[in-house]
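Colleague: I have a new model open on my screen and would like to talk it through slowly. Could you take me round it?

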Amino acid sequence: EFRPAPLRRWPSLAMASRPAAMPAPVGVFVSTVVIPGMGEAKNIFVLADGSRLIATASNAILLLLPTGRLATVAGCAGEDGALADGTGMKARFDSPAGITVDKTGNIVVSDLHSHALRSVTKEGAVVTTLAGNGEEDFTDGQGAEARFSEPTSVVLAANGRTLVAD
C-alpha cells in the first residue's frame with residue numbers, strides 16, 4: 001500500500017510569472033516555482049480541484065494541494081536517478097521534465113536524462129516505464145523499442161494520444 005511522505009505546509013512559494021503574451025493552455029500552470037528543499041519545478045500540471053502535480057529538478061513528483069500542503073507522490077528528492085520502476089518513493093527518476101495526466105487519471109512524465117516516458121498510477125503510485133529504455137536515440141517504436149533523446153515535454157492530445165517532445 002502506497003503512503004506518501006508526510007505532508008508539509010509551505011506558506012510561501014517563490015513564483016515568477018511569465019509574460020502575459022504567452023497564454024496558458026488548459027491544465028498548465030505557467031509560472032516558475034522554487035520549492036524550499038526541493039529546487040525548481042520543471043513543469044506543473046493543474047488538476048481540476050486546483051491541486052498541482054509538480055515535476056521537480058530534484059527527481060521527485062510532488063502533489064501541492066490548494067491548502068498549501070505538499071506530498072511526494074513518486075521518486076525521491078535529492079536522490080540521483082536512473083531508470084528504476086517501483087512504488088512511490090522507491091521509484092527513481094533522472095530529471096523529470098514534462099508532466100500531464102492521461103484519460104484514466106494516471107500521471108505521465110517525460111524523464112529527461114532517462115530518455116523515457118514514465119507512468120505513475122492514480123491508485124498506489126506505481127511507476128512503470130511506458131516507452132524508452134534509458135538509451136538515447138531517435139527511434140519510433142512501442143515500449144522499450146522506442147528511443148528518445150532527452151524528452152522535455154509531454155501532453156495529452158484531444159484524441160487521447162500522448163505526444164512527446166524530445
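**Talking through the model**

Modeller: Gladly, and let us start with a buried charged residue: Arg 118 counts as buried, because its relative accessibility is 0%. Please keep in mind throughout that this is a predicted model.

Colleague: Okay, which side chains does Arg 118 meet in a salt bridge?

Modeller: One partner is Asp 85, whose side chain meets that of Arg 118 in a salt bridge at 3.1 Å, N to O. That pair links distant parts of the chain, since Arg 118 is in strand β11, residues 116-120, while Asp 85 is in the loop between β7 and β8, 33 residues apart. Another partner is Asp 111, whose side chain forms a salt bridge with Arg 118 at 2.7 Å, N to O.

Colleague: And those two aspartates, buried or partly exposed?

Modeller: Asp 111 counts as buried, because its relative accessibility is 0%, whereas Asp 85 has 41% and therefore counts as partly exposed. Taken together, Asp 85, Asp 111 and Arg 118 are linked in a network of salt bridges.

Colleague: Why would such side chains pair up at all?

Modeller: As a general point, side chains of opposite charge can pair when their charged atoms come close.

Colleague: How many salt bridges does the structure hold?

Modeller: The structure holds three, and one of them, which we have not discussed yet, joins the side chains of Glu 135 and Arg 147 at 3.5 Å, N to O. Both residues lie in the loop between β12 and β13, so the pair ties together parts that are twelve residues apart in sequence. Glu 135 counts as partly exposed because its relative accessibility is 45%, while Arg 147, with 18%, falls under the 20% limit and so counts as buried.

Colleague: Changing topic, how many helices and strands are there?

Modeller: The protein has zero helices and 14 strands, so if you read along the sequence you meet one β element after another. Some of these strands form an open sheet of five, in the order β8-β12-β11-β10-β9, with antiparallel pairing. Within that sheet, β8 and β9 stand at the edges, each with a single partner strand, so one side of each is left without a neighbour in the sheet.

Colleague: How many bridges pair β9 with β10?

Modeller: β9 and β10, the latter being residues 107-111, pair over five bridges in the antiparallel sense, and within this pairing Ile 99 stands opposite Val 109 in β10.

Colleague: What about β11, what is Ser 119 in contact with over there?

Modeller: Ser 119 is found in strand β11 and counts as buried, because its relative accessibility is 7%. If you leave aside the neighbours within four places in sequence, Ser 119 is in contact with Asn 106, Ile 107, Val 126, Val 127, Thr 128 and Leu 130.

Colleague: Which strand does β13 run antiparallel to?

Modeller: That is β14, residues 162-165, and four bridges join β13 to it. In this pairing, the bridge partner of Ser 153 is Ala 165 in β14. The hairpin of β13 and β14 has five residues between the strands, and there Gly 160 takes a positive phi near 90 degrees.

Colleague: Which residues other than glycine have a positive phi?

Modeller: Asn 59 and Ser 95 are examples: Asn 59 has a positive phi of about 75 degrees although it is not a glycine, and Ser 95 has a phi near 70 degrees. As background, most residues other than glycine have a negative phi.

Colleague: Where do Asn 59 and Ser 95 lie?

Modeller: Asn 59 is found in the loop between β5 and β6, and Ser 95 lies in the loop between β8 and β9. Asn 59 counts as buried because its relative accessibility is 8%, and Ser 95 is buried as well, with a relative accessible area of 9%.

Colleague: Last thing, what share of the whole protein is buried?

Modeller: Buried residues make up 40% of the 166 residues. The protein exposes about 8,700 Å², and carbon and sulfur atoms supply 53% of that area. Among contacts between residues at least 6 apart in sequence, 36% join residues at least 24 apart.

Key
Residues numbered from 1 in each chain as written. Predicted model: local features only at pLDDT ≥ 70, side-chain atom pairs only at ≥ 80, totals over all residues. Heavy atoms only, no water. Salt bridge = Lys/Arg side-chain N within 4 Å of Asp/Glu carboxyl O. Helix = DSSP H or I, 4+ residues; strand = E, 2+ residues; numbered from the N terminus. Buried < 20%, exposed > 50% of the residue type's maximum accessible area, 1.4 Å probe, protein only. Pairing = 2+ DSSP bridges. Contact = heavy atoms within 4.5 Å. Areas by Shrake-Rupley, 256 points an atom, 1.4 Å probe, with all protein chains shown as cover.
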